[in-house]
Structures are given as C-alpha cells and as structure tokens.
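Work through the exercises below with the sequence and the coordinates at hand, and try each task before reading its solution.

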Amino acid sequence: MMDIENDWLKVEISNKGAEVRKVMHKKNGLDYMWTGDKTYWGRVSPVLFPIVGRLKEDRYQLDGKTYEMSQHGFLRDVVFEVEEQTTSDISFSYESSGRFLHVYPYDFKVIIRYSLNEDSIVVQWEVVNSNKEEMYFSIGAHPAFRLPLVENETIEDYSLHFIPAANKTLMQYELKNSLIHEKGMANELSTIQLTSSLFAQDAIVYSNIDQITLASNKSNHGVEVIFEDFPFVGIWSKYMDTNGKMAPFVCIEPWYGIADTYHTTGNLKGKFGINILKPRESFQAEYKMKFK
C-alpha cells in the first residue's frame, strides 16, 4: 500500500490495480471510501480496462477470432509498478508484454497518476498502443463512496446532484442483466434522492454529464466527481435481495466505454462506445474527486 498526503487528505493506494483504497480527510476526520467488505462488494475503486461493463455472453469477436473476457476486464487485478512518487503525487504503470494476448490481442502500457490538490484527488490516465495496428479499448473508473459518511445519518439522507454537459443531449441507458436494452433521451436531470431500492434493476447510466455530487441533506459533507468530456457515467450500488436494500456505498463511475447492447453483433470493432487508438499513439483522460 502506497501513501500520498497533503494538508487536507491522506490517501492509501494499492499496487494491485493501482486502486485507491482509503481517503482520510485531515480537517474533518472523515473516511470517504467504501471498506471493500466482501459481504457486499470486495473492491473499492477499480480501474476498468480494456472493457467497461459486461460483454454479451462474456465474449467478443475480433478479426475472425473469438475471445472471452469477464465483466470490466483484467487490469484491476494486475500489479502495477511505481514510476514516480512525491509526498502528494504518485504515478503507477503497467506494461502487458504479451501476458494477455489470449484474451486481448494487443500489447499496451497504462499509466495512472494521482495528484492531490487541496481537498481533491486529480486522476489521470494514459493508455499507450504498443502495436503496429489500431487498438480497440475502453477504460473507466469505479470509485465507491461510503454511506453514510456521518454517524446518525442514513442512506436516505443523501442525494445525487447533476451538472449536464452544455449544448449536448442528455441520454439515459436501461440495463438488464448488465446489458443495454434501451437508450433514449432523458428528461431534465438535476437531483436524484437515494433510496434503498434505487438500484434494484441495475446501474443507472447516462451520457453527456460533466459532474455528479453526492451530498448529505443534513450535513455539509459529500463528494464531487468532475469528469468533463467523458462520454458515459454509471451510478451503482449492490442491491441486496435478502433485505431489499442497497449496500452501504454508492459508486460514481466516469467511463470511456459502456456495456454491450442486447442486440450487439459481438464484433469489438463495432462495439457501442469503443475507443480506437492509432499505432504507437497514446490516449489521455482526467477526472477529479473533491471531498467535502
């Protein structure tokens, strides 16, 4: 576990998956990240690559061959190297070097950088195509925030506040069994109140959102996730069938990619939301989490 800190935050990050595991706010004493309790969901903030979401029948086709890959890909389970580190910044890297060609026929390098700026974490991704041909990929974030943040509050005391992208059409996607079944224009969106049954059907997915704030209706505490120009965002918590309630966390997930549609052909090159990276070139993206 690697640590970075400044006057506001102390952050613990695991080499496995370059995953943020803990965010402590020094000024208010709050711990913001989900614990990773396997009773509900054993991860905290995995990085999703080279797919986001689920493939139909957990497989895809590329250049006449069929490959199998589980939901969200494999990068979250590899061990990263630390490239650079200062007190308040750290960069992790992973180079595939042929290890995953049986499930993903490309070589790549992924660099993940975390930088502290007052009470915020700036997350930067870089994906490098190490091949002589175009590479098809998706990448996404999956941070889970503890609920409630403050004693004597409940999940129902929290709401999600949205800032849609300007001059773009807000879209919503309906998921069933982790696949997209419908998509369409969404109504005007500003606030969603958390309830125990909000995620009973699956994640809530939108496109053309720039920011989502998780905020308490009783205190001043919460988390802002700012992800301008990301094409998709998912909001999710595990729904517990045993008691009809959501788990004690919520995920706000900026994505460059999305699950398969129910009617997909399975061809990776035609996959909805896929990104194309030219040979020897790199892709960069950035989002920010602000802890209040």
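**Exercise 1.** Locate aspartate 58 and decide whether this residue is buried, partly exposed or exposed.

*Solution.* Aspartate 58 belongs to the loop between strand 4 and strand 5. The model is a predicted one, and in it the phi of aspartate 58 is near 55°, a positive value in a residue that is not a glycine. For the burial class, the limits are under 20% for buried and over 50% for exposed; the relative accessibility of aspartate 58 is 28%, so this residue counts as partly exposed.

**Exercise 2.** Carry out the analysis of phi and burial for alanine 18.

*Solution.* Begin with the position, which is the loop between strand 2 (9-14) and strand 3 (19-25). The backbone of alanine 18 has a positive phi of about 50°, although the residue is not a glycine. Finally, alanine 18 has a relative accessible area of 0% and is therefore buried. Among the residues that tyrosine 114 touches, leaving aside those up to four places away in sequence, are Ala18, Ile4, Phe92 and Ile121. Tyr114 and Ile121 are, in turn, among the members of the largest nonpolar core, which has 80 residues, that touch the most other members.

**Exercise 3.** Find which peptide bonds leading into proline 50 and proline 148 are cis, and place each proline in the fold.

*Solution.* The bond from phenylalanine 49 to proline 50 is cis, with omega near 0°, and proline 50 is found in the loop between strand 4 (47-48) and strand 5 (59-62). The bond that joins leucine 147 and proline 148 is also cis, with an omega of about -10°; proline 148 lies in the loop between strand 13 (144-146) and strand 14 (158-164).

**Exercise 4.** Classify the ring pairs tyrosine 173 with phenylalanine 232 and tryptophan 236 with phenylalanine 249.

*Solution.* The whole structure contains 30 aromatic pairs. In the pair of tyrosine 173 and phenylalanine 232, the centres are 5.8 Å apart and the planes meet at 70°, which is edge-to-face. This pair links strand 15 (residues 171-176) to strand 21 (residues 232-236), across 59 residues, and both tyrosine 173 and phenylalanine 232 are buried. For tryptophan 236 and phenylalanine 249, the centres are 5.8 Å apart but the planes stand at 55°, so the pair is tilted. Tryptophan 236 lies in strand 21 and phenylalanine 249 in strand 24 (residues 249-256), so this pair ties together parts 13 residues apart in sequence. Tryptophan 236 counts as buried at 17% relative accessibility, and phenylalanine 249 is buried at 0%.

Technical notes
Residues numbered from 1 in each chain as written. Predicted model: local features only at pLDDT ≥ 70, side-chain atom pairs only at ≥ 80, totals over all residues. Heavy atoms only, no water. Core = buried A, V, L, I, M, F, W, Y, C linked by side-chain atoms within 4.5 Å. Buried < 20%, exposed > 50% of the residue type's maximum accessible area, 1.4 Å probe, protein only. Contact = heavy atoms within 4.5 Å. Helix = DSSP H or I, 4+ residues; strand = E, 2+ residues; numbered from the N terminus. Phe/Tyr/Trp six-rings, centres within 6.5 Å; stacked < 30°, edge-to-face > 60°.
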